[in-house]
Amino acid sequence: MKILVCISHVPDTTSKINFTDGDSKFDTTGVQFVINPNDEFGLTRAMWFKEKQGASVDVINVGGPETEPTLRKALAIGADTAIRVNTEAKDGYQVAKEIANVVKEGGYDLVIAGRESIDYNGGMVPGMIAEMIDANFVTNCISLDVDGTTAKAVREIDGGKETVATALPLVIGGQKGLVEESDLRIPNMRGIMMARKKPLTVVEPVGASVETSSVKFEKPTPKGAVTLVAPDNLDELVNLLHNEAKVI
């Protein structure tokens, strides 16, 4: 079984976020980038298929040379090879089109992507890849098993879970639950050294069109000051909730 894991290069959640050019572009100055958490759950599950079923695992990213350390980390975790499509990721359609082209040429049986990335939270790419390569698709996936050419997946739905059976080729949008957080792997020194020798192939883009663009970003409103009220001063608490917070 050939597996391709999509890796998004996203800011660490602890990074301080700023914008430039009239709040229309993300400022990467001083920002630490990591593997998108939903993608990391998928990569860890792919490693299970590699170790238990002998699958091959490739990872892919659409982006410039600055994303290669993130791909190298995926290789250090255990992926066999990495592919970088040499173009800036500008919107979901463009990214999906570039990845779909690689999937078609590579003959992959299973494509594992995160349900969404934590930077733009678009949630579009996995479904569009599935449509472009004419594959089955399961999103919000929290469990995945493959037996031959048949897959059984569990996905979250409103108020519960749904178990579905489908055939390969398959694209999934994975999330927490596909593996547990305790199963995530931290690259050890041996893995880091081996990653330096593993192939990282740079392919030129097919020139997919960009259908959307960001006009402006806006930060959430800063939290207001906290007013402390003595536990025995209920009248003051009620007054503040009624007249200032206006919640009662």
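Colleague: Is Cys-141 buried or exposed?
Modeller: This is a predicted model, so the value is computed from its atoms. Cys-141 has a relative accessibility of 0%. The cut-off for buried is under 20%. Cys-141 therefore counts as buried.

Colleague: What is the relative accessible area of Cys-6?
Modeller: Cys-6 is also a cysteine to place against that cut-off, which is under 20% for buried. Cys-6 is buried, and its relative accessible area is 8%.

Colleague: How many disulfides are there?
Modeller: A disulfide needs two cysteine sulfur atoms within 2.5 Å. The closest cysteine sulfur to that of Cys-141 is in Cys-6, 14 Å away, which is too far for a bond. Cys-6 is in no disulfide. The count is zero.

Colleague: What span does helix 1 reach from its first C-alpha to its last?
Modeller: Helix 1 covers residues 37–53, which is 17 residues. At 1.5 Å a residue, 24 Å is expected, and the helix comes close to that. From first C-alpha to last, helix 1 reaches 24 Å.

Colleague: Which residues of helix 1 are buried?
Modeller: Residues three or four places apart in an α-helix point the same way. In helix 1, however, the buried list includes a run of neighbours. The buried residues are Asn-38, Asp-39, Glu-40, Phe-41, Gly-42, Leu-43, Thr-44, Arg-45, Ala-46, Met-47 and Phe-49.

Colleague: Which residue follows helix 1?
Modeller: The residue there has a positive phi, near 75 degrees. That residue is Gly-54.

Colleague: What is the volume of the largest pocket?
Modeller: The largest pocket is lined by 49 residues. Elements giving two or more residues to that lining include strand 2 (9–11), strand 6 (56–62) and helix 3 (92–106). The space in the largest pocket is about 1,600 Å³.

Colleague: Which lining residues lie nearest the centre of the largest pocket?
Modeller: The lining divides into 20 nonpolar, 19 polar and 10 charged residues. Nearest the centre are His-9, Ala-89, Lys-90, Asp-119 and Tyr-120.

Colleague: Which elements give two or more residues to the lining of the second largest pocket?
Modeller: The second largest pocket has a volume of about 160 Å³. Its lining has six nonpolar, three polar and three charged residues. Among them are Leu-75, Ala-76, Arg-190 and Met-194. The elements are helix 2 (68–77) and helix 5 (189–195).

Colleague: How many aromatic pairs does the whole structure hold, and what kind is the pair of Phe-19 and Phe-26?
Modeller: A search of the whole structure finds four aromatic pairs. For Phe-19 and Phe-26, the ring centres are 6.4 Å apart and the planes lie at 65 degrees. Planes over 60 degrees apart count as edge-to-face. The pair is therefore edge-to-face.

Colleague: What kind of pair do Tyr-120 and Phe-217 form?
Modeller: Their ring centres are 6.1 Å apart, with the planes at 40 degrees. That angle is neither under 30 nor over 60 degrees. The pair is therefore tilted.

Colleague: How many residues apart are Tyr-120 and Phe-217?
Modeller: Tyr-120 sits in the loop between strand 8 and helix 4. Phe-217 sits in the loop between strand 13 (200–203) and helix 6 (234–243). The pair links distant parts of the chain, 97 residues apart.

Colleague: Is Tyr-120 buried or exposed?
Modeller: Its partner Phe-217 is buried, at 17% relative accessible area. Tyr-120 has a relative accessible area of 53%, and the cut-off for exposed is over 50%. Tyr-120 is therefore exposed.

Conventions
Residues are numbered from 1 along each chain as its sequence is written. This is a predicted model: local features need pLDDT of at least 70, side-chain atom pairs count only at pLDDT 80 or more; totals for chains, interfaces and linings use all residues. Side-chain values use heavy atoms; hydrogens and water are left out. Buried means under 20% relative accessible area, exposed over 50%, partly exposed in between (1.4 Å probe, protein chains only). Helices (H or I, at least four residues) and strands (E, at least two) are DSSP runs, numbered from the N terminus. The expected span of a helix is 1.5 Å times one less than its number of residues. On a 1 Å grid over the protein atoms alone, a cavity is a set of points where a 1.4 Å probe fits but cannot get out, and a pocket is an open set with protein on both sides within 12 Å along at least five of seven lines; lining residues have an atom within 4 Å of a point. Grid points are joined across faces, edges and corners, and a volume is the space filled by probe spheres set on the points. Ala, Val, Leu, Ile, Met, Phe, Trp, Tyr, Cys and Pro count as nonpolar, Asp, Glu, Lys and Arg as charged, and the others, Gly among them, as polar. Rings of Phe, Tyr and Trp (its six-membered ring) pair if their centres lie within 6.5 Å; planes under 30 degrees apart count as stacked, over 60 as edge-to-face and the rest as tilted.
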